[in-house]
Amino acid sequence: MKKLSTLLAVSFLLIAIFTSCESGIPKDYVMPVFTKAMSSSNSRGLMEMPTWDENEWRSTGVMQSLPVMIGLEEVKKNNFGEVIEDAERQGVFKVLGFDLLADTKAWRENDDGFYVKYDILYDGNSIGFVQYYYNSAEKTFSYRQMVLCTLRFGQEDIQEHTADIQTSLLSLEYMDIPVRNLNQLGRFSFGQLDEDGAPERNAFADRISFNDDGTFKFVRTYISGTSNKKLFSSIFRPDMTYGTEDFNNDDITKAINELGNSNNNGIIDKISEAEDATLGFIYSIIGEFYANANGIKNGDSGTLGFSSYASYKDFKAATLDDVDIRGGHEPIRKNSNSYDGMAMNPVAYSWSDGIAASATILNELYGSGSTQGVFLDITLENFEKTGFNDFYRINASTDEELRKELIREHLTACGLGNENFIANFTYAALDEEYGRATYWPYGITTENPESFKEHFENPPKQNN
């Protein structure tokens, strides 16, 4: 009996040692990397965009398509608990002029990968979120981001109004993005062309505008671009953009009238209202735009219905892709220039150098406001103000040469280097009628340029 007890004890000890050794084997966790280079002491995430060279308009253009996450890195840990501990030790950190804080109560490791979520903070209040899920089996990730941005122009008066307040809810989503070259920062691309020249629809940006007349607007544009260790480049696709006209929605108006020291006009036009428009406000209105709003909210540990995503499939089921706009809007239009879209908005950003470029710059023609983020507004005279001269070496003697070369350089940086695609995109981008438009009547293809011109100028009729 004593011998049997000894054997059992030795067996349990060996099992314990084996289990301990097995759990100590480092595991790779592909984590999002957040840029800090754009932060500055005078940047305020809620009321101002972070700036480069005092160029607020350039910052606005970049912010519309640049994710808070700018890359991926492989982290070796013994278990997911150590990943959580690292995040909790880091605490609050600066990103894009905001504060970021890991909501580790929502973090979860599953059989197919893991989910992490961060709150985007201003003055200690959450004004947005980042949700990320890495699928370890497929080596892909999906990513969602929402942030409420309010730009303030002019000085506030004694009634607490300002000369101009512009509020928008900016959203980004990447879906099933393959991860490559994970030596330091992972490379990924989105909105690329398949073998037939058709574009991927795996990344998009949404803008929900709160207009100064009490109406609302929704615009979605698909994005193409790449991210690697040195450079993030992206461009909006006017040929893949749709949205609503201005519309009314009583439920959103009611939510606005519950903000701050409201004057009950259904407009965010006071500082107190803007400061009170936090994540709770976002969650109260996104059901008016997205079919899966509850699934999105439930990924937040602070919500009543919290239930962290149990699988990659579960995470993707809460996609922003399913649009269900409520209120008194006309049908969503896919072939109209009457709504305010987001043009093509070419942007570039280097987190190693902390520099950025955007076609959205100060509109010197009027002395205020910004250009529309299009190539037609770029000239030899204002080229340096875009910042693209820091990224691309262009030798041009005319504005037209400059624009054509810039389009070529930027499309190539975005992974869209097909010669026919470049020629066809250039034709549309420099067209006098559509070069500043937010919608193009015909999709950019890799077909023969002469054939493309015919189709672009005489597009087939489409249903709205």
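This short presentation covers one helix, one buried arginine and several salt bridges in a predicted model.

Good morning, colleagues. Let me begin with helix α10, which runs over residues 399-413. Its 15 residues, at 1.5 Å a residue, should span 21 Å, and the C-alpha atoms at the two ends are indeed 21 Å apart, so the expected and computed spans agree.

Which residues of α10 are buried? They are L402, R403, L406, I407, H410 and L411. Around the helix axis these residues cover an arc of only 145°, which places them on the same side of α10. As for what they pack against, the partners of these buried residues are strands β13 (232-243) and β14 (347-350), together with helices α9 (383-386) and α11 (419-429). After the helix comes G415, and the phi angle of G415 is positive, near 85°.

I turn now to R220. This arginine belongs to strand β12, residues 216-227. Is R220 buried or exposed? Its relative accessible area is 0%, and R220 therefore counts as buried, the limit being under 20%.

What surrounds the R220 side chain? Setting aside neighbours within four places in sequence, R220 is in contact with F204, A205, D206, M240, T241, Y242, Y290, L320, D321 and V323. Two of these deserve closer attention. With D206, the R220 side chain makes a side-chain to side-chain polar contact of 2.7 Å. The C-alpha atoms of R220 and D206 are 4.5 Å apart, although 14 residues separate the two along the chain.

The other partner is D321. Here the side chain of R220 reaches the backbone oxygen of D321 at 3.1 Å. R220 and D321 also form a salt bridge, in which the closest N and O atoms are 3.4 Å apart. Because R220 lies in strand β12 and D321 in the loop between α8 and β14, this pair ties together parts that are 101 residues apart in sequence. The two ends differ in their accessibility: R220 is buried at 0%, whereas D321 is partly exposed at 29%.

That leads to the salt bridges in general. How many does a search of the whole structure find? The number is 18. Some of them share partners, and in this way D103, K117, D119 and D300 are joined into one network.

Two further pairs may be set beside the R220 pair. The side chains of D86 and R89 meet in a salt bridge with an N to O distance of 2.2 Å. Both residues sit in helix α3, residues 80-90, and being 3 residues apart they are separated by about one helical turn. D86 is partly exposed, at 28% relative accessible area, while R89 counts as exposed, at 60%.

The second pair is D176 and K316, whose closest N and O atoms are 2.9 Å apart in a salt bridge. D176 is in strand β9 (residues 164-178) and K316 is in helix α8 (residues 312-317), so this pair ties together parts that are 140 residues apart in sequence. D176 is partly exposed, with a relative accessibility of 33%, and K316 is likewise partly exposed, with a relative accessible area of 33%.

To close, I would return to two points. The buried residues of α10 lie on the same side of that helix. R220, in turn, is buried and has polar contacts with the side chain of D206 and with the backbone oxygen of D321. Thank you for your attention.

Terms used
Residues numbered from 1 in each chain as written. Predicted model: local features only at pLDDT ≥ 70, side-chain atom pairs only at ≥ 80, totals over all residues. Heavy atoms only, no water. Helix = DSSP H or I, 4+ residues; strand = E, 2+ residues; numbered from the N terminus. Expected span 1.5 Å × (residues − 1). Buried < 20%, exposed > 50% of the residue type's maximum accessible area, 1.4 Å probe, protein only. Arc of directions from axis to C-beta. Contact = heavy atoms within 4.5 Å. Polar contact = N/O pair within 3.5 Å; in protein donor to acceptor, adjacent residues only side chain to side chain. Salt bridge = Lys/Arg side-chain N within 4 Å of Asp/Glu carboxyl O.
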